[in-house]
Structure formats: structure tokens, C-alpha cells
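Open the structure in your viewer and keep the selection tool ready. The stops below say what to select next and what to look for at each one.

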Amino acid sequence: MLPEASTLAPAVDRIFWGLVGLSVVIMGVVGGLVLTFAIKYRRGTKAYRGPLPDIMSREVEIGWTVATLFVALFIFWWAAAAQLPHFLLPKKALEIHVVAKQWMWKVQHPEGVREIDALHVPVGVPVKLEMTSQDVIHSFGVPAFRIKQDVLPGRYTSTWFEAKEVGDYHLFCTEYCGTDHARMTGTITVMEPEAYARWLAEQPHGEDLAGEGAQLFTALGCSACHGAQARVPAPSLANLYGSQVVLADGSRVTADEDYLRESIERPEAKVTAGYPSTMPSYQGIASEEQVVALVAYIKSQDGKRSQAR
Amino acid sequence: MRSDDTGLLAREPGETSYLTEGTTLRSWLLSTDHKRIAILYAISITGFFFIGGAAATMIRLELFTPQGDFTTADEYNRLFTLHGVIMVWFFLVPSIPATLGNFLLPLMVGAKDVAFPRLNLMSWYLYIIAGIFTLTALLLGGVDTGWTFYTPLSTLYSNSYVLLAAFGIFVVGFSSIATGINFIATVHLLRTKGMTWMRLPLFAWAMYATSLVMVLATPVLAMAMLLICAERLFGLPIFDPRAGGDPVLFQHIFWFYSHPAVYIMILPAMGVVSEIIACEARRRVFGYQFMVYAMLVIAVIGFLVWGHHMFVAGQSPFASMIFSFLSFVIAVPSAIKVFNWTGTLYRGSIRFSAPMLYALGFVGLFTLGGLTGLFLASIPVDVHLSDTYFVVAHFHYIMVGGAVSAFFGGLHFWWPKITGRMYSESFARFAAITLFFGFNFTFFPQFILGYLGMPRRYHEYPPEFQVWNVMSSTGAVVLAIGYLMPLGYFAYSLLNGKRASDNPWEATGLEWTTNSPPPKHNFLEPPVVLTEPYAYHDWDEAPGGADETTQDEPA
Amino acid sequence: MSAAPILVEPFEEPERQREAMVFGLWLFLATEILFFGGFFFLYAVARMQDPDGFARGGAHANLLLGTINTILLMTSSATLTIAERAARDGWMRAARWGIIFTLMLGTAFLVVKGFEYREDLAEHLFPAAPDFSFAGETGATRFWSFYWFITLVHAIHLTIGLGCVARLLWLERQGTLARRWMVAEVTTLYWHLVDIVWLLLWPLLYLVGR
């Protein structure tokens, strides 16, 4: 049987088996009636074949229509209510960046450790996945956790889980993505927190993401305009993440990951009010991983948040 | 009516039918007779059915073992794309409407032909042209995008013949639009004297509801396919995320067609099954009016549920909630129909002929298919099950267990009317039972595979899934044998079958009042309808029985 | 007075036949509306995401030629309506000239469109070309993708329309148009749709940047 390896899994399974039970009952009733009628009223038996009894009237029809509707709405409510908590991403979570490409998963831990087609996570800690794709649409599916989320090019999507059992679990790409779709699989290894810390320490450490972003910030020339000493009119990036930005057309957007990414790749799309639209596009100049690092750096340029980290 | 002649075209002296009006190839290929066009369609979709079936067989052979040993990854991807494209657009969508519907709808409403006979012929030619495009793509090396053509894979990354296939689908869309327009106009304007709306057989109602969906949904598919062509051909970056396009937008337009398309496939099946059950149980369809309204409600709400294909595609949770809600709502009219078919059997006089076996099989398989639809409408369960074999099993229960069973049932039921010959009842029953068990054997294990998490479109899979895959592949062998059997006994029936009387099942409905096979203009005298539909007994029956019927005479 | 119409299978009364033809054509128009509806939906989503980009792109559309074409098409709708009414009332000379004018106006539209395409190409306004003026700009790129896509689709519709109108002229030459004026009626309906689609495209493509 499929292990229930995340905190979400039991809730999903409860609904799943509830629906199985309902299906068995309905199949039993329909199948039972069809069989009973088929035997009792097969041609040649002496069963009564006159008009239907009065009770089988229009009211019966309306009755079972309404009853079915109530059952359907009840299941909707049940399933939707179970899903609501999962829509809210946890505030404090281990944030893992995932970049998908044909046909591999590239994973970066916040400390800078990288993995390919594998992900190590500690048990009992909420893990938030920030995902994007370099080419086509992929999907990050872990049956044992009952989670699945499409990974889109040009956009971030996220999902989260909290593993509750140590072990190795399948990671599948579940959106058809071309030739080696079936080989775009990996292993999720859930470890005790101490084991995870040990594992993390043993890995070759790159710069952590934000640090890597800080280097790129200079290397790619961002600091020439956005840096503290720059003389070119460009908006400051300090405390930008999460704030409300007023745009040239007067509308407001929240500076989230998608906004930051869009502004790096297509700067003309949403121009901050009061600044000329002079920034060149970094599409094709900064790779997908570099954009991830830059965004992580901008996020770290936040007094309060960087303290917490 | 009995004679000892052999051969389909040999008739008694002086007797003519649509089959004997001209025997040259030209008289068939340029015929505007709806019955001949139905035959043309029947022959062509049979061809496509076996092409698609061959692909399915290779897919199941590959999945016998967890390794990719029978086909390479690329071959496998091309096989399942081919299977999907052919089966959806070249078999399932035209299956019942373009063959049985084309043949029967004018007969059922008492008309000489469909409203626009030449448009009808054009629809078949469009279908063939589209088929040639798609088969060319196949012969050149195939398409590897899946039948869903998701962008940007289909527009930017695939090196296969997407353009040809997408254009083929664009063209085949026009053939279903032509059929749809024809059927709607026929039902509105060509009902004979006394054939009021509430006297239409449920099959005619099903054709009407199906046509509405065809006419309103297919153009959106045409736009989606054309946009793919534009992006591949001219490089117009409409779905290309690098140039600011939105790949998910494609999914919205695609499923806006493709979900209603499910109802294009299943509504006609519901019509067929209603006719067969009423006749073989000798009972008026229970809740006739509710059956009609249920079909219309399905046709309308079917347009509002496309988002349930995209619960994990990154759409807003709010949208997911609404689509989930509407998907539960559409389960209600489908359930009503199942209850009413069951109710029709009550106090009936049931004969287990081959068509009836198919119809009863349909009720069971459709119910299971519909119930598993509830799993996929529940967001948390769908997140786990989407893009796994559970989905594959679910839609095969609806489309193969449902639509194809009903198509076979209908084909047997109206075979005497279409060809004037009887088929071997015992062989037909044996085939029906083989198909039922073969089908369940093939697809039930896939529900379990899906729950265990096996993703669809994988040609290699972890070894723990093998046992269920072997079971499924074994069932597929039984299924394949079941599908080959009718070819044999139907061919025998054409050559040596016993002559059919005009109404061998003693069914009601105008199509049974004319000759078998019908004459060129269907009826020698324009028929007049004086009774309610399904007058298998002479008392009225609530609900929605004769006493409720409105009196709107057609002009 | 209209002449007794020619009946085709499966109809037995002229009135029912006309009703069916008009009804069938309206059903076809419904499919066309949904077809273009898919496009307008995409346009709306894309423009809402980047109104400024659309305005920047749209400013380069050739307003003069676009407007001339609008006038040509509107006039052609009028001439075809005159022709249809005339055919119904048996006034065949007016019908013939109405049809001829319509054909000329429709052809003129395509010629003007051809010139406009040439200018657009000269100004590097084809998004897939390597020297595209708005390379890298989301909104303007999308605008020009839509522009090329939908004007080409519209031109194909218009060409089919021209074929149908030419058939009317042929029927008139054969002398059967007076008895088959329903054909003129449904052709006119289709022509009007092509016209109305253009009337919606004109502000969406030519007025957006001004």
C-alpha cells in the first residue's frame, strides 16, 4: 500500500476512502436493482407487469434529484474544506528552490547545497517548494505525500509538505514533457533532523543562495544602477520584497517573487512610477538559476527578514 | 420477406432500398442520401478505430515490463499521441452521431433527409481530408505531444509533425460543426406531422443536445489549433513564455472545447441506451421528461467545468473551488439518468439480446466511470490522482465502457434496419460478454495503479507497479479479441444473414415503420405520429408520461 | 414580387426551406462568433496584463489604411444588402450591379490590406522576424502577434466571402438568382459577419494606441 508519509496524506486518504465507500454503496444499489429486476422481470416469468405503483411518481424523481444534489454538495464541501488549509503556505518553512528542465530536477537548499533528481528533507519540518521551469511545463508529484504541482516556465509556482515518516519516496514528473518524461524521476529522502544536519554539513557547500545572488548582482551589472552608490535613476531594492510598488500607470502591485522575476526578465512590463524605462532585459543573460539567486538576494535585502534568517 | 438469395445487394424483384439505388462507386461517393453518408462514415471510422486500437495494443505490450524494452521512449510517446488523437477526433466524436445519428435522425423525426444533404456529404469529405493530414503526420514519423498539445512543448520544443496533425484536427472540427448544424436544423424544421418536441425519441434528443455542444465548443478548438499552427509556422509568440506569452492560456482554450467534447461522446451513448432498454424491457422510459432535461442540463453545464483539468496547473484556488463545485453539480443529471434506466427495468419484460447486454453493461460501466469522476472533482484527491493512471482508467470507463459499448449496442440494435439482415445472436452475445469482462480486466487495475501513484504517459515505471500492469495488459488481449469478433459475424451477416423483417425487435419509433433497409426517401408516405414515444404498453405513466405532454404541433 | 423559389431536397415548401437556410446559417454564425470569441478572450487577457505595451505597439498600426478599409467594408455591406433586396424583388439589374460593386469593394479591401502588410514589414513589425522593432517587449510583441494572426484569419474569411458573392454573380448570369434569392440572403448574412468582425477589430487594432 501507499505510505501516508506527509501530514496532508491522512486527510486526502480519508476523502479517498470515503468516496470509495460511497461508490461501493451506489454501485451496490444500482447493480443490485439491475440484477434483481433482470432476474425477476426476465421475459417469461410470471411477475406482475402492470402500471407502476402511484408512489413512483414525479415526486420520487424530484426527490432523488434533490438527494443526489445534496450528496454531491456535501462531498464538495468536505473536499474543499480539507483542501483550504493546504492552499495557505506555511509562514515558517524550509524554503527549497526547484528548477525543472527536460528531463531533470535541479534542487537548491537555502544553504546553497545542490542536488539533482534527489531531495533530502528533515522529518517534521514544513518544506516549501519554490518552483520554476527552464523549458516546458513539468509537474512535481510525490504520491507518498499526496502533493502535485505543475512547474511552469516563466513563472513561479509553489507547494508545501511536512514529511512525517523517514524513508525514501518516489518523485515523478507528472506533466508530459517530451521524450524522456518517464525518466524525469527522483527520490525524496526524508531524514531525522540530526541526520539531515549531518548530511547537509557533508555536502559540498556553494555560496548560499542570497550570497550567490549578491555576487551576481555585481557581476551582471545590476549594482551599477540599483547599487547604493549608483547615480543612475533606478529604484532602490532595499526592503522591496513584500512591499507595495506604485507603477507608472498608477496601479499597485505587491513585489513578490513573480514580480521580481518579471522585472528582471521583462523590465518594461511593470515600470515603477517616477523612473524611466531604461533597464535592459536580462532574459537569456541571466540563467534560470541565476534569476533564482538574484531574487533570493533581493529578498534578503530586508532588515527584518534577514535578521530572522 | 424471406428468400434464399445471397449477397447484400440482391433483393427480391421490384423491391428497392437505398442500397440498390445505384451500385457504382460514384453513386456512393457523391450521394447526398444521409443513409449512404452514414455508411461511408461507418466504414471510415472503423478503419480509424483499428488504427487507434493497434496503437493501444502496442502501448499495453510495452507496459508488460517495467523497462522500456519493446519500444523506445520516442516511439512510445508517438504511440500514445496517435492513440489519443485518432480515438478522440477520428473515432469517438464522430462515432455515434455521424453513423447511427446520420442514419437514424431523419428516420426518427419522419423526414426525407437531413436539412442540408450536401453539407452532410461535405462533412464526410472534410473528415477524410483531415484524416489524410493526420495519417500523413503519422507516416512521416508521428507526433509526440500527447493528444492535448500542451504548449510550449507543442509549439517550441517538439520536433515532430505537430503542424500537420494540428491542422488535421482543425479540419475535422469543421466536419463535426457541419454535422451539428445539420442535426439542429433537422430537429427544428423537419419533424413530421404530430412529432412534437416531447414525442421525440431520446436518441433524437441526445443528437440534438450533442449537436448544440458540437456547434458551440468546436470553434474554440479550431482557434486553439490555429494558434498553435501560427506559433509554429510564423513564430507568433502567443503561448511562448520567453516573449511574454502564457502557456496556461492554451490549456484554458483547449479544455473549454475538450471537456464539452466528453459530452459529445457520452450524450449520444445515453440516447442509444435509452432506446435499447425501453425496447428490450418493453417499458416506457421512466421519467422521459427528466431524461430530456438531464441531457440539456449536461450539455449546458458541460461548458462550465473545464477548469477541473487544471487543479494543479497553478490556477487560483478560488477558480479551482468554483470549477470543483460545478463539476459536482454536473454529476447530478448523470446520476438521474442512471436511476431512470434502472427504473425502466422495473415491471418490464426483459429480453437479454446482444444490444441489451451492451446497454446493461453500459449502465454499470458508466456508473463506475461517473463515480470515479467524483474523486477527480474533489480538489485534494484530484491533486493526488491527476495525471496518474486513475485518470486514464476513469475516462476509459466513460469513453470505452460508456460510449463504445453503447455504439456497439446501437450497431447491433439497428443492424437489421441498416442492412436488412440479421446477425448471429449467440456470437453477438458472446462478444458482448467477452468485451465486458475484457474491459474491466483491462481498466480496473488502472484505478489501483493510479491510487498508488503511477503517472500516465510513462513507458518505464518502477517495478512495484508491474503486477497491476501485467493484469491490465492481459485484459487488453481479451478486449482486442472481443473487438475483432463482430467483424467476423457482421461480415457473415452481410453475405449470408437471414433477411430481417421491418421491425424485428417489435420496437416503437418511426424508423421501424419503414422497410428494412429503408427506401431512398425513407418513407413511401410521410408518416404521421399519433402516439407518445415508447408506447410499449397502453397505460400512461408518471412522471413525465403522456398526461404531461404539451401540445405544440410543428408548423 | 418574388418569383417561385427552386426547391431542393428534402424540402416541400419554399417557406420552410428559406427558414432552414437562414436558421442553418445563423447556427454557422454562432460557431464563427465563438471562434472569434476565443481570440477576443485572448486579446482581453493579454491587454489587461500590459495595457501600456499594447498602446505602444498599437501606435504603429497604420490608422489611415485601416480606416479606409473599414469604410470599404461598410460600403460593401450596403451594396450587397441592396443586391439581395433587389434579387428578392426581381429587380435583376440592380442586383447585378450591387453584386459587382461588392466584389470590387471586397477586392479593394484585400489590395489595401496587402499594401498595409508591405508597410508593416518595411517597418519591422513582424514579431517573428529577427529585426522586430519591439523585440523583448511583452505587450507590443503580443499586440503584433495578434494583429498578424487575426487580420490573416479575417482576410481568409473575406476571400471565402468573395467566392460566395462571385457565385451569386454566376447564378445571376445563369438567370436563376431570381428564383434562388435565399442564397443571396444567406450570403449577405455571412458577409455582414465578416464586416462586423472587422468593425470590432478596427478599434482593437488601430485605435488602441491613440
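Select the charged side chains of chain B: the mean positions of its 28 positive and 34 negative charges lie 6 Å apart. Bear in mind at every stop that this is a predicted model.

Keep chain B selected and switch to a cartoon. You will find 15 helices and zero strands. The radius of gyration of chain B is 23 Å, close to the 24 Å that the globule rule gives for 555 residues, so chain B is as compact as a globular protein of that length. Its C-alpha trace spans about 70 × 50 × 45 Å along the principal axes. Now turn on the surface: chain B exposes about 16600 Å², with 69% of that supplied by carbon and sulfur atoms. Of the 555 residues in chain B, 70% count as buried. Among its contacts with a separation of 6 or more, 82% come from residues 24 or more positions apart.

Next, select chain A. Its cartoon shows eight helices and twelve strands. Chain A has a radius of gyration of 27 Å, well over the 19 Å that the globule rule gives for 309 residues, so this chain is more spread out than a compact globule. Rotate it to see the extent: the C-alpha atoms of chain A fill a box of roughly 100 × 50 × 40 Å along the principal axes. Buried residues make up 50% of the 309 residues in chain A. The exposed area of chain A is about 14100 Å², and carbon and sulfur atoms supply 60% of it. For the charges of chain A, the mean positions of the 28 positive and 33 negative ones are 9 Å apart.

Zoom in on residues 118–122 of chain A, which form strand 4. Is this strand buried or exposed? Five of its five residues are buried, so strand 4 is largely enclosed by the rest of the structure. In a regular strand the side chains alternate between the two faces of the sheet. Here both faces are covered, with Ala118(A), His120(A) and Pro122(A) buried on one side and Leu119(A) and Val121(A) buried on the other. Add residues 185–191 of chain A, strand 10, which pairs with strand 4 in the parallel sense over five bridges. Within strand 10, Met191(A) is the bridge partner of Pro122(A).

Last, move to chain C and select Ser77(C), in helix 3 (residues 63–88). Ser77(C) has a relative accessible area of 8% and is buried. Show what surrounds it: leaving aside neighbours within four places in sequence, Ser77(C) is in contact with Trp191(C), His192(C) and Asp195(C).

How values were computed:
Residues are numbered from 1 along each chain as its sequence is written. Chains are lettered from A and ligands numbered from 1 in the order in which they are written. This is a predicted model: local features need pLDDT of at least 70, side-chain atom pairs count only at pLDDT 80 or more; totals for chains, interfaces and linings use all residues. Side-chain values use heavy atoms; hydrogens and water are left out. Helices (H or I, at least four residues) and strands (E, at least two) are DSSP runs, numbered from the N terminus. The radius of gyration is taken over C-alpha atoms; the globule rule is 2.2 Å times the number of residues to the power 0.38. Buried means under 20% relative accessible area, exposed over 50%, partly exposed in between (1.4 Å probe, protein chains only). Accessible areas come from the Shrake-Rupley method with a 1.4 Å probe; for residues, only the protein chains shown count as cover. Lys and Arg count as positive and Asp and Glu as negative; His and the chain ends are not counted. The place of a charge is taken as NZ of Lys, CZ of Arg, CG of Asp or CD of Glu. Two strands pair if DSSP finds at least two bridges between them. Contact means heavy atoms within 4.5 Å.
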